[in-house]
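Colleague: Could you take a close look at one small part of this model, and then follow its contacts outward into the surroundings? I would like one connected account, with the cut-offs stated as you go.

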Amino acid sequence: MTDTPADASLEPPLAAFGVGHRLAAEALGTGFLLMIVVGSGIMGQRLAAGNDAIALLGNTLATGAGLAVLIVMLGPISGAHFNPAVTLVFALRREIDWRLAGGYVVVQIVAAVTGVWIAHAMFGEAIWQMSTKARDGPGQALAEFVATFGLIGAILGSLRFRADATPWIVGLYITSAYWFTASTSFANPAVTIARSLSATFAGIAPHSAPAFIAAQIAGALAAVLIFGRLLRARAA
């Protein structure tokens with residue numbers, strides 16, 4: 001989840017991989033993340049017999065577990081951002097070059113959409129879909145602000161104090177945020193865009209997406225300011 005020296009304990013170090021490897025890792029990770037989110041949502045809805053709580057529980061556990069695995073697998077290559085908001089944070093912190101950050105964001109969005117389409121294909125759904133599931137209102141936007149703020153805090157805090165535990169901390173945070181936020185914690189602009197193209201359990205109507213994305217970016221920026229100061233060591 002980072003390009004910082006906190007990853008120095010990971011082998012091989014990020015510096016050992018070229019731009020192509022990093023972009024490929026971001027594409028694979030983001031694509032698989034959306035396959036997990038949408039695929040588990042479809043599976044959960046089909047098996048839950050109309051019980052949305054059970055469907056959401058299955059969706060939650062698969063997403064949190066899958067995200068932790070993807071970070072362990074691909075973190076040493078790209079930092080395992082899988083999220084334009086996370087990439088923005090590390091670009092602002094000057095821990096990733098802005099040009100590379102732009103490349104990350106492009107492949108994250110393209111891979112996220114591709115992951116949704118693959119999930120549809122696996123479950124025999126129409127590939128091209130548009131969600132009609134409205135997620136509107138100030139409460140939903142606030143939930144996305146809180147979800148993203150907490151996600152960035154979890155990443156920065158774990159990297160500061162327990163870098164080796166970052167995959168599990170991020171996976172557990174997302175698992176909990178599915179349930180304590182009104183929006184079920186998208187916390188990711190690429191995920192939001194891709195899920196607008198899925199008329200399934202995990203979908204979001206396209207007209208609801210801009211407010212989600214704006215709240216996610218705002219939450220990430222607020223986290224940079226607050227956690228950046230909170231986690232900074234005091235000079236001797």
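Modeller: The side chain of S198 makes a polar contact of 2.7 Å with the side chain of T200, where a polar contact is a pair of N or O atoms within 3.5 Å, one able to donate a hydrogen and the other to accept it within protein, and residues adjacent in sequence count only if both atoms are side-chain atoms. This is a predicted model, in which local features need pLDDT of at least 70 and side-chain atom pairs count only at pLDDT 80 or more, while totals for chains, interfaces and linings use all residues. Residues are numbered from 1 along each chain as its sequence is written, and side-chain values use heavy atoms, with hydrogens and water left out.

S198 sits in the loop between α7 and α8, with helices taken as DSSP runs of H or I of at least four residues, numbered from the N terminus. S198 counts as buried because its relative accessible area is 0%, and buried here means under 20% relative accessible area, with a 1.4 Å probe and protein chains only. A second polar contact, of 2.8 Å, joins the side chain of S198 to that of H120. Leaving aside residues up to four places away in sequence, S198 touches V38, V116, H120, Q129, S131 and G203, with contact meaning heavy atoms within 4.5 Å.

Two of these partners, V116 and H120, lead into α4, where they are among the buried residues together with L100, A101, Y104, V107, Q108, A111, A112, V113, G115 and A119. What covers the buried residues of α4 includes α1 (19-47), α2 (52-78), α3 (84-92) and α7 (189-195). The 25 residues of α4 (98-122) should span 36 Å at 1.5 Å a residue, and the end C-alpha atoms are 36 Å apart, so the expected and modelled spans agree; the expected span is 1.5 Å times one less than the number of residues. The N-terminal end of α4 is capped by D97, which places a side-chain oxygen 2.8 Å from the backbone nitrogen of R99, and just after the helix G124 takes a positive phi of about 70 degrees.

The loop between α3 and α4 holds I96, which is buried because its relative accessible area is 5%. Before that loop, α3 is mostly covered, as seven of its nine residues are buried, namely P84, A85, V86, T87, V89, F90 and A91. Their cover includes α4, α5, α7 and α8. The N-terminal end of α3 is capped by N83, through a side-chain oxygen 2.8 Å from the backbone nitrogen of A85, and R94, which follows the helix, has a positive phi near 60 degrees.

The wider packing can be described through the largest nonpolar core, a set of buried Ala, Val, Leu, Ile, Met, Phe, Trp, Tyr and Cys residues joined through side-chain atoms within 4.5 Å. Of its 58 residues, L33, L34 and F82 touch the most other members. At least two residues of this core come from each of α1, α2, α3, α4, α5 (138-161), α6, α7 and α8 (209-230). Not counting residues up to four places away in sequence, L33 touches T63, L67, L70, F82, N188 and V191. Its partner T63 lies in α2 and counts as buried because its relative accessibility is 3%. With the same sequence exclusion, T63 touches L33, I36, V37, S40, I174 and Y178.

L33 also belongs to the lining of the largest cavity, where L33, L67, I174, F186 and N188 lie nearest the centre among 19 lining residues. A cavity is a set of points on a 1 Å grid over the protein atoms alone where a 1.4 Å probe fits but cannot get out, and lining residues have an atom within 4 Å of a point. The structure holds one cavity of 30 Å³ or more, and about 170 Å³ of space lies in the largest cavity; grid points are joined across faces, edges and corners, and the volume is the space filled by probe spheres set on them. α1, α2, α6 and α7 each supply at least two residues of this lining, and the largest share, three residues, comes from α6. T166 is placed in α6 (166-180), and T166 is buried because its relative accessible area is 2%.

Note on methods: Buried means under 20% relative accessible area, exposed over 50%, partly exposed in between (1.4 Å probe, protein chains only). On a 1 Å grid over the protein atoms alone, a cavity is a set of points where a 1.4 Å probe fits but cannot get out, and a pocket is an open set with protein on both sides within 12 Å along at least five of seven lines; lining residues have an atom within 4 Å of a point.
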